[in-house]
Amino acid sequence: MAREIRAAIAGVGNSASSLIQGIAYYTQEKKPVGLANKKIGPYGVQDIQIVAAFDVDKRKVGRDLSEAIFQEPNNTRKFIQPSHLGVKVQMAQPLDGISPIAGEKILLSDAKPSNPTKVLADAKAEVLVNLTPTGATRASEMYARAALQSKCAFINATPARIASNTQWQSKYRRAKVPLTGDDIMDQVGSTILHRNVLALLVDRGLHIGETYQLDIGGGTESELSLDKKRYEIKRKIKTSSVAAAVPYQFPIVAGSSDFVDFMENRRTSYFNIKGEYFGGTEFSLDMRLSLEDGPACAAVVSDVIRMVKLSWDHGETGPLNAVSAYGFKAPPKRLPDQTLKQELAAMMKGTKNH
Ligand SMILES: NC(=O)c1ccc[n+]([C@@H]2O[C@H](COP(=O)([O-])OP(=O)(O)OC[C@H]3O[C@@H](n4cnc5c(N)ncnc54)[C@H](O)[C@@H]3O)[C@@H](O)[C@H]2O)c1
């Protein structure tokens, strides 16, 4: 069996840059650090081959992907120069991909938009990863449709409601094509850290009184957070993902962000948790996390691409519940940790049909 996974990308921004650099990095690096899963079934990160890409910015469209990923406004860390990939970025229909606030950073190309269904079919893409900006719901739906028509699995890394929408679930189930999403949960980031610290405290018998997390960053996505209406979808997803770690209701604020341009793609998250422990004694916990956004997203995308391919090898199609619960903040179905571990183990062995 060929080990290659033919993947396409919609949105050549910071996350795509880290993913493409990561594939080059793990192809060269003999002692890899920074991977949760060195192999998923037979697949390593180096087996992901990017065969097509879409964007709308004139600095990226028409360029080889190995150069397009370093064009402005991308500002994530360069940790390797990938060799020439032979994949030119195709022009797409912008639709709602350009927001009134952060959109001014995008220089719209005047190239003729490609037909995404045809591009995916011609490239024999097996998986399409949607990495368009937060709030690009119509653009995300365009890609979900194109993937379906060209029988390509769809990974929705954005907060647009696709994998968690029952109509899209039925369409992918009927077409026997895998679907995962929505909104990638970073390898390490504010959501996973906040959730796990809250779960630990609850497990130790503490009562959570209130909590908040505040993010500041300099990537385009952080600037988008200033567009309160567009960003509301992200805030809601983050809040419900964190709140799900505690079995009762309590005051919570998550997903509030601000933009500091000189931070580039770095993000700092501040957390506070207050509550009570033994004898009603009060506690207050403060944490701060600083990291780079792109690699935190790309790490999980590189797992999910391989999990989707492996699931498909084993005949699993439609919404992939365990893969979505592992990799995303708003999956079709939340699974308790123990169930998730068992389902992922079964998925790796190919003993479970969703
Ligand atoms: N840590 C993370 O970076 C992280 C975590 C969770 C989710 N996400 C999600 O991943 C997505 C991408 O994040 P990012 O930081 O890479 O964003 P980004 O702004 O750096 O990149 C988005 C890219 O999409 C392009 N684009 C706009 N409209 C398009 C269209 N119609 N077709 C194709 N391309 C289009 C833009 O030109 C840009 O290159 C966002 O939806 C974000 O919410 C990212």
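Two strands count as paired if DSSP finds at least two bridges between them. Helices (H or I, at least four residues) and strands (E, at least two) are DSSP runs, numbered from the N terminus. What you are looking at is a predicted model, so local features need pLDDT of at least 70 and side-chain atom pairs count only at pLDDT 80 or more, while totals for chains, interfaces and linings use all residues. Residue numbers start from 1 along each chain as its sequence is written.

**View 1. The open sheet of 4 strands, ordered β8-β7-β9-β10.**
The pairing here is mixed. The twist averages 10° from one strand to the next (axes are lines fitted to C-alpha atoms, for helices over the stretch in contact, and angles run from 0 to 180 degrees between N-to-C directions). At the edges stand β8 and β10 (281–292), each with a single partner strand, so one side of each has no neighbour in the sheet. Lying across β7 (207–217), β8, β9 and β10 is α6, which runs at about 165° to β7.

**View 2. Strand β9 and its antiparallel partners, β10 and β7.**
Strand β9 covers residues 266–277, and its antiparallel pairing with β10 extends over 12 bridges. Two pairs to pick out are Arg266 with Glu292 of β10 and Lys274 with Ser284 of β10. The β9–β10 hairpin has 3 residues between the strands, and in it Gly279 takes a positive phi near 70°. β7 and β9 are also antiparallel, joined by 10 bridges; there, Gln213 stands opposite Phe271 of β9.

**View 3. Helix α8, with a kink centred on Lys234.**
Helix α8 runs over residues 228–243, which makes 16 residues, and reaches 21 Å from first C-alpha to last, close to the 22 Å expected at 1.5 Å a residue. That expected span is 1.5 Å times one less than the number of residues. The kink is about 25°, where the bend at a residue is the angle between axes fitted to the seven residues ending there and the seven starting there. The buried residues of α8 are Arg230, Tyr231, Ile233, Lys234, Ile237, Lys238, Ser241 and Val242. For the cut-offs, a residue is buried if 20 or more other C-beta atoms lie within 10 Å of its own, exposed if 12 or fewer, and partly exposed in between, with C-beta atoms placed from the backbone. Those buried α8 residues pack against α6 (190–203), α7 (220–224) and β8 (252–259).

**View 4. Zooming in on Ile233 of helix α8.**
Why does Ile233 count as buried? Ile233 has 20 C-beta neighbours inside 10 Å, so it counts as buried. Leaving aside neighbours within four places in sequence, Ile233 is in contact with Gly135 and Pro159 (contact is C-beta atoms, placed from the backbone, within 7 Å). Ile233 and Gly135 are 98 residues apart in sequence, yet their C-alpha atoms are 7.5 Å apart in space.

**View 5. The open sheet of 7 strands, ordered β3-β2-β1-β4-β5-β6-β11.**
This one has parallel pairing. Its edge strands are β3 (89–91) and β11 (318–319), each with a single partner strand, so each has one side without a neighbour in the sheet. Strand β1 (residues 5–10) runs parallel to β2, and 6 bridges join the two. Among these strands' residues, Ile5 stands opposite Ile48 of β2. β2 is mostly covered, with 7 of its 8 residues buried. At the β11 edge, 2 bridges join that strand to β6 (residues 178–180), again in parallel, and Pro178 has Gly318 of β11 as its bridge partner.

**View 6. The shell around the ligand, with helix α9 giving the largest share.**
Of the 35 residues around the ligand, Gly11, Gly13, Gly97, Thr158 and Cys297 come nearest; a residue is near a molecule or strand if its C-beta atom, placed from the backbone, lies within 6 Å of it. Elements giving two or more residues to the shell are α1 (14–28), β2 (48–55), α7 and α9 (293–313). The α9 share is 4 residues. α9 has 21 residues and reaches 31 Å from first C-alpha to last, close to the 30 Å expected at 1.5 Å a residue. It is largely enclosed by the rest of the structure, because 19 of the 21 residues of α9 are buried. After α9 comes Gly315, whose phi is positive, near 90°.

Conventions. Contact = placed C-beta atoms within 7 Å.
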